[in-house]
Amino acid sequence: MPHDLPSHIAPEAIYFDGTSSRRHRVTLSFGERLLLQNLEGETLASWAFGDLRRADAPSGILRLSNVAAPPLARLEIRDPGLAAQLTALCTGLDDTGPARHSTARIVRWSVAAAASVLLIAVFGLPLIAERLAPLLPRSFEQRLGVVVEQQVKTLLGDRVCDDPAGQAALAKLVEAVRSAGGLDDHVAVVVLSSGIPNAVALPGGKVLLFSALLADANDPDEIAAVIAHEFGHVAHHDNMKVLIHNGSASFLIGLLFGDLSGSGALVFATKTLITSSYSREAEHDADTFSIEVMQKLGRSPKGLGELLFRLTGKQGGSALDIVASHPLTEDRRDRMRSLDAVPTGPPLLTAAEWQALKAICKRS
Amino acid sequence: MNEMSSVPQVPMVRSGSFCGSRAEFRRLVLRGGLLELITLGFYRFWLATDMRRHLWANTTLDGDAAEYTGTGKELLLGFLMAVAILAPLYIGYFLLGIEAESLQTFASVPLVALFYLFSQFAIYRARRYRLTRTVWRGVRFWMTGSGWAYALRASLWALAVLLTFGLLLPWRTAALERYKMNHSHYGELQGRFEGRGLELFKRGWWIWALTLAFLIVPSLLWLPYLTIVVLPALPVLFALYRAMEWRWWLSGLRFGAVRLQSALPATALIPLYLKAIGWSALLLMGFSLYLGLGGVVITLLTGGEGELFRPEALQNNIAMLVLTGIGYLLLIVGFNAVMRIYLLRDLWAKVVNTTTVYGLDAAAEVAAQGELATALGEGFADGLDVAGF
Ligand SMILES: [Zn+2]
């Protein structure tokens with residue numbers, strides 16, 4: 001047994017044949033090939049120098065494998081002189097086999113992969129979302145709308161305001177905006193009693209308007225412009241586009257950064273950058289839609305910007321749509337102010353109807 | 001007197017030793033961390049491989065060092081396989097979520113259970129991969145068993161642990177380790193696990209009780225400041241538990257007639273955790289200092305009129321954003337390096353150096369056996385962000 005000898009009488013080398021864990025003490029003889037002989041002089045293996053490869057070992061030990069031998073066969077040399085002698089004879093000792101790696105290649109391909117994923121996220125996904133969103137069946141959109149509506153109601157209050165006179169005024173306003181915007185009649189507006197001034201378009205065409213927005217509005221034009229903005233989202237299928245775009249962007253980015261530990265914030269930042277630039281475009285287009293509707297109705301489009309500016313002055317960012325601070329509120333206001341014109345069309349609501357609309361949440 | 005006479009007359013008592021250079025490992029993780037940054041994380045597969053190669057190759061048992069034969073490419077492949085399976089699953093999960101939500105708001109929570117099952121599968125298969133890449137004396141370790149059977153057991157046990165506020169944790173650990181070890185082999189030697197849950201419980205119940213008390217009492221008494229007082233105790237308790245668990249785990253390992261014994265002192269890991277926390281705090285302080293200086297410099301350069309420190313003005317400053325981004329990324333590299341040096345390398349060294357092996361003569365001539373396993377589990381573990389050993 002090898003361990004019976006004190007360890008300081010070191011054999012020249014130790015050989016493991018890769019088929020058993022037996023520790024063979026061998027002497028090496030250098031000729032045409034490397035001969036591994038045990039202490040009885042038996043030849044255990046004959047290795048070609050060119051087949052030898054360096055394997056991982058603690059410092060001070062040269063550990064060799066052989067590409068032509070069993071994959072786990074190892075020769076270990078602890079004597080520095082012998083190790084140097086053998087190293088000089090082996091030509092392919094540090095050949096990176098298919099198993100080991102070249103750092104430069106990994107860096108190159110990683111950067112290429114990352115660039116390609118980011119390009120897809122920035123340029124490809126918007127195109128895909130653009131084409132795919134209108135193709136989704138309306139039933140799917142509406143089902144999704146039900147889910148979102150339930151969540152919004154759970155979070156923000158679920159009392160639907162239904163004062164009859166207010167309902168009638170709302171219906172008149174919505175009808176004016178709807179026909180001017182050229183939408184079919186699957187769209188609807190519901191007022192929810194809530195202290196948060198906001199509005200949101202649901203997938204499937206329903207728009208939720210929170211009562212605090214009505215309280216903050218100065219005239220019917222402002223509310224009409226808000227509704228038109230939300231209808232713009234409906235007409236452009238923005239919900240589905242954003243869902244497809246942001247969902248797949250999140251997936252791609254998450255995939256890319258994987259578990260680079262502590263990447264949570266990095267993933268979040270990248271996602272936010274990519275998705276917010278996309279939503280900013282959607283908001284801009286919805287504003288355009290609102291402006292066009294208001295112009296068609298012969299009313300000034302500036303109301304939306306004024307209302308928004310008043311709201312963001314009051315409270316900061318909000319998760320829901322209308323005050324989501326994507327495009328800077330000042331920029332939006334200035335854009336709409338620049339289009340301000342003397343009204344050419346009739347008022348959208350009479351003074352009495354406007355009062356009724358503002359009081360839509362009062363309980364009878 | 002020579003030293004031999006003090007060794008008990010048990011055949012083959014050998015101790016493990018770790019002889020890796022700390023400076024070399026530090027270089028490895030710092031370089032690897034920077035490469036991880038440059039490659040946006042893709043280098044993680046090769047860094048993990050290089051760290052394991054270093055740890056394995058410098059771990060010596062009875063004079064012979066182990067070897068890790070896994071490759072980064074295998075991990076990358078495992079990751080891609082996991083993505084191929086997880087991607088449709090994520091979409092299915094999303095659609096299922098919509099269906100479930102339309103029935104009842106926020107009803108999709110139980111679906112999380114499915115992902116727990118997957119992560120346990122990942123833990124088992126990742127261990128299997130690592131074990132089959134572990135070679136000692138020219139013979140590899142290997143592992144059989146079903147990842148799904150394991151995942152089911154692990155999930156049921158997790159439920160039991162949850163229902164008992166953690167009381168059953170030692171029994172869960174023991175049962176799962178028994179399953180893993182009963183399917184582990186070194187060549188022709190069959191593994192098993194002889195650690196008992198009760199034993200771990202007897203040693204560690206007070207840690208469990210203290211932790212529970214620390215977490216519950218302040219909130220019961222409405223004394224939030226008490227939480228702040230006991231908060232520093234939590235890492236110490238955790239370090240005590242980890243040391244206890246390592247010692248119990250190693251002492252329960254068997255391969256045929258070979259058995260391990262760990263003499264890891266109960267307090268051995270406390271300095272490591274405290275150092276890791278201390279370094280992290282230092283890094284955070286450095287980061288804030290850097291941000292503050294950066295802010296001042298930018299404000300001075302752009303000729304800030306009036307108020308010097310207007311945070312909202314800085315928020316919209318591109319240069320400041322870039323500075324913050326770079327600082328943040330370097331902070332992550334620093335954090336990762338600290339974790340890897342103290343909680344991986346140093347911990348490993350302490351554990352190995354306090355381990356003794358008995359009955360090694362049974363492993364003097366073990367015939368090689370066993371198949372290599374794929375890195376699918378590693379891929380799942382990567383994709384689901386779980387870790388196990
Ligand atoms: Zn909008």
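Here are some numbered notes on this two-chain model, which is predicted.

1. **Chain A in outline.** Let's start with the basic inventory. Chain A is built with eleven helices and ten strands. Of its 364 residues, 47% count as buried. If you take contacts in chain A between residues at least 6 apart in sequence, 62% of them join residues at least 24 apart. The accessible surface of chain A is about 17,000 Å², and carbon and sulfur atoms account for 58% of that.

2. **Chain B in outline.** Now the partner. Chain B has 13 helices and ten strands, and 47% of its 389 residues are buried. Among its contacts between residues at least 6 apart in sequence, 76% link residues at least 24 apart. Chain B shows about 19,100 Å² of accessible surface, with 71% belonging to carbon and sulfur atoms.

3. **The largest core.** Some background helps here: in soluble globular proteins, nonpolar side chains tend to be buried together. Which residues have the most contacts inside the largest nonpolar core? They are B:Tyr186, B:Trp246 and B:Leu269, and the core has 74 residues. Its largest share, ten residues, is supplied by helix H9 (residues 233–252) of chain B. Have a look at B:Trp246 while you're there: leaving aside residues up to four places away in sequence, B:Trp246 touches B:Leu264, B:Leu269, B:Leu347 and B:Val351.

4. **A second core.** Separate from that one is a core of 43 residues. Its members include A:Val187, A:Val189, A:Phe231 and A:Trp354.

5. **A nonpolar patch on the outside.** Not every nonpolar side chain here is tucked away. B:Leu34, B:Tyr290, B:Val322, B:Ile326 and B:Leu330 make up a nonpolar surface patch, and together they have about 430 Å² of accessible area. Helix H12 (residues 318–353) of chain B gives the largest share of the patch, three residues. B:Leu34 sits in helix H1 (residues 22–38) of chain B. Why does B:Leu34 count as partly exposed? Its relative accessibility is 41%, and the partly exposed class runs between 20% and 50%.

6. **A strand pair in chain B.** Try strand E10 (residues 355–358) of chain B: B:Thr355 and B:Val357 point one way, B:Thr356 and B:Tyr358 point the other way, and all are buried. E10(B) pairs with strand E9 (residues 258–262) of chain B in the antiparallel sense, over four bridges. Opposite B:Tyr358 in E10(B) you'll find B:Arg259.

7. **A salt bridge across the chains.** Side chains of opposite charge can pair when their charged atoms come close. Over all chains, the count is 33 salt bridges. One of the pairs is A:Arg74 with B:Glu67, whose closest N and O atoms are 2.7 Å apart. This pair crosses between chains, with A:Arg74 in strand E7 (residues 74–77) of chain A and B:Glu67 in strand E3 (residues 64–68) of chain B. Are these two partners buried or exposed? A:Arg74 is buried, with a relative accessible area of 5%, and B:Glu67 is buried too, at 4% relative accessibility. The cut-off for buried is under 20%.

8. **A salt bridge within chain A.** A:Glu353 forms a salt bridge with A:Lys172, and their closest N and O atoms are 2.9 Å apart. A:Glu353 lies in helix H11 (residues 351–358) of chain A and A:Lys172 in helix H4 (residues 164–181) of chain A, so the pair ties together parts that are 181 residues apart in sequence. A:Glu353 counts as partly exposed at 23% relative accessibility, and A:Lys172 is partly exposed at 38%.

9. **A buried pair and its network.** B:Arg137 forms a salt bridge with B:Asp64, with the closest N and O atoms 2.7 Å apart. B:Arg137 is in the loop between strand E4 (134–136) and strand E5 (139–143) of chain B, while B:Asp64 is in strand E3 of chain B, so this pair ties together parts that are 73 residues apart in sequence. Both B:Arg137 and B:Asp64 are buried. Salt bridges with shared partners also join these two into one network, along with A:Arg23, A:Arg63, A:Arg74, A:Glu76, A:Arg78, B:Arg14, B:Asp62 and B:Glu67.

How values were computed:
Residues numbered from 1 in each chain as written. Chains lettered and ligands numbered in written order. Predicted model: local features only at pLDDT ≥ 70, side-chain atom pairs only at ≥ 80, totals over all residues. Heavy atoms only, no water. Patch = residues over 30% accessible without salt bridge, like charges linked within 9 Å, V, L, I, M, F, W, Y side chains within 5 Å. Areas by Shrake-Rupley, 256 points an atom, 1.4 Å probe, with all protein chains shown as cover. Salt bridge = Lys/Arg side-chain N within 4 Å of Asp/Glu carboxyl O. Helix = DSSP H or I, 4+ residues; strand = E, 2+ residues; numbered from the N terminus. Buried < 20%, exposed > 50% of the residue type's maximum accessible area, 1.4 Å probe, protein only. Core = buried A, V, L, I, M, F, W, Y, C linked by side-chain atoms within 4.5 Å. Contact = heavy atoms within 4.5 Å. Pairing = 2+ DSSP bridges.
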